Amino acid sequence: MPGAAPAWTARLRAAGALAAVDEWTARAGFGGPAELDVQLRGLVALQTEIDARLGELLVEMSGQDAWQRLRFAGVGRRPCRGVQATGRVRRHASGLKAPTLHATMQHFRRFPQVHSMTEDKPSFETVSWTDEGVVLLDQRLLPAEEVNLNCGTPQEVMTAIRDMVVRGAPAIGVTAAMGIALGARELAGRAPEDFDGGFARLCDDFAATRPTAVNLFWAIDRMKRVAAARRETGAGPAAVAEALVTEARTIKEEDIAACRALGGHGEPLVPEGASILTHCNAGALATAGYGTALGVVRAAVEAGKNIQVLAGETRPFLQGARLTAWELARDSIPVTVITDSMAGHFMRRGQVDLVLVGADRIAANGDTANKIGTYPLAVLAQENDLPFYVAAPTSTIDPDIAHGDDIPIEERDPEEVLRMGATRTAPEGVSAAHPAFDVTPHRYITAIITEVGVVRPPFIEGLRDALSRGKVL
Ligand code: MRU
């Protein structure tokens, strides 16, 4: 197909990726980047069309053609209806040869310039504000089902945090802020003193949902400060409530921006060709978007590096196997799930180049609480001479806690350990322990990657400086 080379080819050339595009376009039978451009734009248009008329199109399309077109158009990524629909088409098309164009699309998604042409916004939202309530992607159901849960009351938001509908330190903070804004709106019709009392109780209730991630308390404090400042200027409950809605939305936007900045600072630490071991999920699902540890991974991919991720499955909630693998596979970033007990084996065999994890709370001296199982990875990394990086926004640093021993560790229901999903894996009557986090002493940590830069030992000074430069209020 004739046509001028699209503008993005210049950007790909600058990124040194044009040769790869040429090779793939030729292999897939396209005339060149211009033809590919036409195809990609067609797919974007098709996605819009399919979104609008999914049902009718499914009836119109048939067999492999339908399956290909739906997959190219990313319909498999859409919650509920899309998943069910592609399931039906997949059954119909099963046994047919995998389409070359699909492989090409997967390949091109690794180049941000092309990727952004087809997806200029994230394909899922971890947490979002609507006038009807706080909408959460239900992480308990992933990867089997993509279901958005609307929490119409602050109590429903608290339950969602406790039950891990939403989880991950920054995401919990953003969600709590939105839940508090929702509660403040409910209280907006009250007399000012009633509002103040109700608002204080609301904040206390949110603070009691989960104890370890400091981002929760950070977000609550920020909401309290906004309410107090507005009340001091004489604002009434309704005006305070609206200011809190605005603040919650700002916290979300700032979290995404912090993750992107953090990714940019961390990217140079990732060598070309690296194999990165991560634990739990410190990705877009654990934040308002983009991720912390996975933000660094995404930034490295966007810089054109060929990297791969080993995702520890993370017993018992399986955040690694279910969530990290889901969101990386969705972005076509190579990921291999391993059980937690395999980490040492892969390190010793030279199949890990660095360990990169998130954090729930970082003490003033750098000791870091993160998902249970992080500490042994840090010890193994040191034994195997591998760098161990923590990626977290400055909102995860707790300057009021001197060292890790003082970080409160959440104890969760032992039933979560005794079962694998609905299946009980231990005999009836047997008990289990379930600390949800452990603390990695700072001596095992090579560096802490924040949105204001990479902090290296000595951490006390470095973290203090990062906090003073971060947007933490
Ligand atoms: O119990 P969870 O799933 O909330 O624990 C989450 C973690 O431990 C994450 O690794 C951490 O919050 C970093 S999130 C960017």
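**Inside the core of a predicted model**

Let's start in the middle. The largest nonpolar core has 45 residues, and the ones touching the most other members are Val134, Leu136, Ile180, Phe199, Phe206, Met223 and Leu244. Keep in mind that this is a predicted model.

Which elements give two or more residues to this core? There are two strands, E1 (127–130) and E2 (133–137), and then a run of helices: H9 (154–162), H10, H11 (192–207), H12 (214–232) and H13 (237–266). Helix H10 hands over the largest share, with 12 residues. This isn't the whole story, though: a second, separate core of 28 residues has Val352, Ile445, Ile448 and Phe459 among its members.

Now zoom in on H10, which covers residues 169–187 and holds Ala176. Is Ala176 buried or exposed? With a relative accessible area of 0%, Ala176 counts as buried, because the cut-off for that word is under 20%. Setting aside residues up to four places away in sequence, Ala176 touches Ile161, Phe206 and Leu216. You can also find Ala207 with its C-alpha atom 8.7 Å from that of Ala176, although 31 residues separate the two along the chain.

Next, look at how H10 sits against H13. Their axes are 8 Å apart, and the packing angle is about 165 degrees. Since angles over 145 degrees get that label, H10 is roughly antiparallel to H13. The crossing of H10 past H13 is left-handed. On the H10 side, the contact includes Val174, Ala177, Met178 and Ala181, while H13 brings residues including Ala241, Leu244, Val245 and Ala248. Sort the residues of this contact by class and you get 13 nonpolar, no polar and four charged.

H11 and H12 make another pair to look at. Here the axes come within 10 Å and cross at roughly 170 degrees, so these two helices are also roughly antiparallel to each other. From H11, the residues Pro192, Asp196, Phe199, Cys203, Phe206 and Ala207 meet a set in H12 that includes Leu216, Phe217, Ile220 and Met223. What classes do the residues of this contact divide into? The split is 10 nonpolar, no polar and three charged.

Finally, follow Phe199, one of the H11 residues that meet H12. Beyond its neighbours within four places in sequence, Phe199 is in contact with Ile180, Leu187, Met223, Lys224, Ala227 and Leu244. Several names there should ring a bell: Ile180, Met223 and Leu244 are, like Phe199, among the residues that touch the most other members of the largest core.

Methods: Residues are numbered from 1 along each chain as its sequence is written. This is a predicted model: local features need pLDDT of at least 70, side-chain atom pairs count only at pLDDT 80 or more; totals for chains, interfaces and linings use all residues. Side-chain values use heavy atoms; hydrogens and water are left out. Helices (H or I, at least four residues) and strands (E, at least two) are DSSP runs, numbered from the N terminus. Buried means under 20% relative accessible area, exposed over 50%, partly exposed in between (1.4 Å probe, protein chains only). Contact means heavy atoms within 4.5 Å. A nonpolar core is a set of buried Ala, Val, Leu, Ile, Met, Phe, Trp, Tyr and Cys residues joined through side-chain atoms within 4.5 Å. Axes are lines fitted to C-alpha atoms, for helices over the stretch in contact, and angles run from 0 to 180 degrees between N-to-C directions. Angles under 35 degrees count as roughly parallel, over 145 as roughly antiparallel, 65 to 115 as roughly perpendicular and the rest as oblique. A crossing is left-handed if the near helix is turned anticlockwise from the far one by less than a right angle, and right-handed if clockwise. Ala, Val, Leu, Ile, Met, Phe, Trp, Tyr, Cys and Pro count as nonpolar, Asp, Glu, Lys and Arg as charged, and the others, Gly among them, as polar.
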